Amino acid sequence: MPTKDISRYRNIGIFAHVDAGKTTTTERILKLTGRIHKIGEVHEGAATTDFMEQEQERGITIQSAATSCFWKDHQFNIIDTPGHVDFTIEVYRSLKVLDGGVGVFCGSGGVEPQSETNWRYANDSKVARIIYVNKLDRIGADFYRVVKQVEDVLAAKPLVMVLPIGQENDFVGVVDLLTRKAWVWDDSGEPENYKILEVPAGMEAEVEKYREILIELAVEQDEEILEKYLEGEDITIDEIKTCIRKGTRELAFFPTYCGSSFKNKGVQLVLDGVVDYLPNPMEVPPQPEMDLEGNPTGGFAYVDAAKPLRALAFKIMDDRFGALTFTRIYSGQLKKGDTILDTATGKTERISRIVEMHANDREEVDEAQAGDIVALIGMKNVQTGHTLCDPKQPATLEPMVFPDPVISIAVAPKKKGDNEKMGLALSKMVQEDPSFQVETDQESGEVILKGMGELHLDIKVDILKRTHGVEVEVGKPQVAYRESITRRLQDSYTHKKQSGGSGQYAKIDYAVEPGEVGTGFLFESKVTGGNVPREFWPAVQKGFETSVDKGPLAGYPVVDLKVTLTDGGFHPVDSSAIAFEIAARAAYRQSLPKAGPQLLEPVMKVDVFTPEDYMGDVIGDLNRRRGMIKSQDPTMTGVRVKADVPLSEMFGYIGDLRTMTSGRGQFSMEFSHYAPCPSNVAEAVIKEAKDRQAAS
């Protein structure tokens, strides 16, 4: 197989706040690189990468779409990511497999809260980025203000590469600071209709000022070039570019461009920036390898087609052609017909088809190699975050960690006959999104959807309706409570049944007591002398164990319970395993209400980011929600408040936080632990549970 030149690959993501224009920017890139001939507009609902109905209608990107294209002999694999907060899992997944990114900011809106979250994710993943300030044709657009915001709000160092010529309606092009040339477009809206001219009169001083700042920042990256510069020698443009490339890869600064994607002005220079400054797959730290138990082996998946296969499935998407598994290949090669091992399931799968994606169109290829991002068709058990590898040399890459869902709603199809259709649709949706879970309540038979937030579940209900044609009734959001006991209790229970034929007899003496936190259910037998024969012990254990699903207070599962069988009695004819199991179930119902039962509620680890001016309001509000403030850390851009807050108090929080902080606050939360409910809360929950049981 002829190996491709991986140094000419750029795996990049385009990410930003809702409405900063990143999908439009992707469209322009595809047009310029010759992948599409007619440009689709997002506001007309016709963008190439937004092909879900929900995306076209809301004008937002929900799913990442992966697309390949070429620019100046370089292959770009572009992932268009969503900007909305409940879909940051998509951004997180995408960043995991990217080598570089383009952060798009709106020229008038500037740095918005979601851009801050995405920027923090990209910092955590150490992804090199260039910045593109879009929409400079908009009323109120101001390139210099956005550059200042990048410094102040994101605490990042923008390296200004171009200056805008004119602004708002008069925006006609940009000056490239390195070459001191002006790129000026005409009003035809065609990206190729530009002229390269001298710097416009009146801008010379500004251009020289910013060019000097650019060079001084860049040359700090290389001792030799810095020395030449300080001694007053001339430095070539290639030397400056080498320095910028190094600084960009090391996140010392972020080359910053501007333009108007909608008017097709300025996008070419961004593409040149991707080629010149963003890393190729070999320049990014290699992924650490683990053994099948998840322990680091000390090995790394180096980007090399000759090494064993290591690939990561980072997204599963169901489309009209079947399930697509988007895969980033880190090392080795993948050919049609190969058998690969999925380390998460331990099963092998055969590669039947490999496609390169162009939004929702595809091109079949026979093979792919290290550095490629491709989609595999027909994978049966592979899920997001699974490692695919060579069965003869297995290894797993660092697994993707997904937070547990925190909110649930019950759904039921409006039409009686839609149950099966809904089940099939939900199973597809779970495969596509690991942060979304579905289960059936054994008691009521209700189908429960669990997700990351209210909007997340909203969109899922919408997808059920549109994509799968299932209309559902939705219940109100629910919290997953638990129950436990607070004191030890010795008790005894005898089960006797005599009604013609052989009877049933079982007597057990036992103790129930609170277990250590996190131990679940524990059973021990201390019977001596054969009063309860050993063969009946498992039946006693089973009787208690199957009962803990339903607690004595409100019917929630009981956690951290220890049961000790101390003594008992049996009958040589009438005793049986089933009799002891029945005795244990009845004993559970008899004793737990007497052992100081209490209701436990899930407490969330909440991490709120707020500008300093609103900190007092945010902390006061968390206290009102029964929150325990753990820490307040000032950052360059605001304050991070960490607190433990009961989940039941967090419904609707994002709306309240945005109101309190003028739209700039952000928060994330994950499950921390279960804690006893205050009595007034417990009474309300128990009453509601009893009313529900009475109604059903």
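This report describes helix packing, two strand sheets and the nonpolar cores of a predicted model.

## Helix α9 and its surroundings

Helix α9 spans residues 267-277. Ten of its eleven residues are buried, so the helix is largely enclosed by the rest of the structure. The buried residues are V267, Q268, L269, V270, L271, D272, G273, V274, V275 and Y277.

One neighbour of α9 is helix α8, which covers residues 237-249. Two packed helices are described by the angle between their axes and the distance between the axes. For α8 and α9, the angle is about 80° and the axes are 9 Å apart. Angles of 65 to 115 degrees count as roughly perpendicular, and α8 and α9 are therefore roughly perpendicular to each other. On the α8 side, the contact is made by K241, I244, R245, T248 and R249, while α9 contributes V275, D276 and Y277. Sorted by class, this contact has three nonpolar, one polar and four charged residues.

## The sheet beside α9

Helix α9 also lies across strands β7, β8, β9 and β10, and runs at about 130° to β9. These four strands form an open sheet in the order β7-β8-β9-β10, with antiparallel pairing. Strands β7 (162-165) and β10 (194-197) stand at the edges with a single partner strand each, so one side of each has no neighbour in the sheet. The twist from one strand to the next averages 25°.

Within this sheet, β8 (residues 173-176) and β9 (residues 181-185) pair in the antiparallel sense over four bridges. The bridge partner of D176 is K181 in β9.

## A second open sheet

Another open sheet has four strands in the order β26-β27-β25-β28, and its pairing is antiparallel. Its edges are β26 (437-440) and β28 (472-474); each has a single partner strand, so one side of each is left without a neighbour in the sheet. Neighbouring strands here are turned by 35° against each other on average, direction ignored.

Strand β25 (residues 407-413) runs antiparallel to β28, and three bridges join the two. P413 stands opposite V472 in β28.

## Nonpolar cores

In soluble globular proteins, nonpolar side chains tend to be buried together. The largest nonpolar core of this model has 68 residues, of which F76, V102, M161, I244 and Y257 touch the most other members. I244 is also one of the α8 residues in the contact with α9.

Leaving aside neighbours within four places in sequence, V102 is in contact with I12, G13, I14, F15, I130, Y132, V270 and V274. Both V270 and V274 are among the buried residues of α9. Apart from the largest core lies another, of 29 residues, including V606, M660, V681 and A689.

How values were computed
Residues numbered from 1 in each chain as written. Predicted model: local features only at pLDDT ≥ 70, side-chain atom pairs only at ≥ 80, totals over all residues. Heavy atoms only, no water. Axes fitted to C-alpha atoms, helices over the stretch in contact; angles between N-to-C directions. Parallel < 35°, antiparallel > 145°, perpendicular 65-115°, else oblique. Contact = heavy atoms within 4.5 Å. Nonpolar A, V, L, I, M, F, W, Y, C, P; charged D, E, K, R; others polar. Pairing = 2+ DSSP bridges. Core = buried A, V, L, I, M, F, W, Y, C linked by side-chain atoms within 4.5 Å. Buried < 20%, exposed > 50% of the residue type's maximum accessible area, 1.4 Å probe, protein only.
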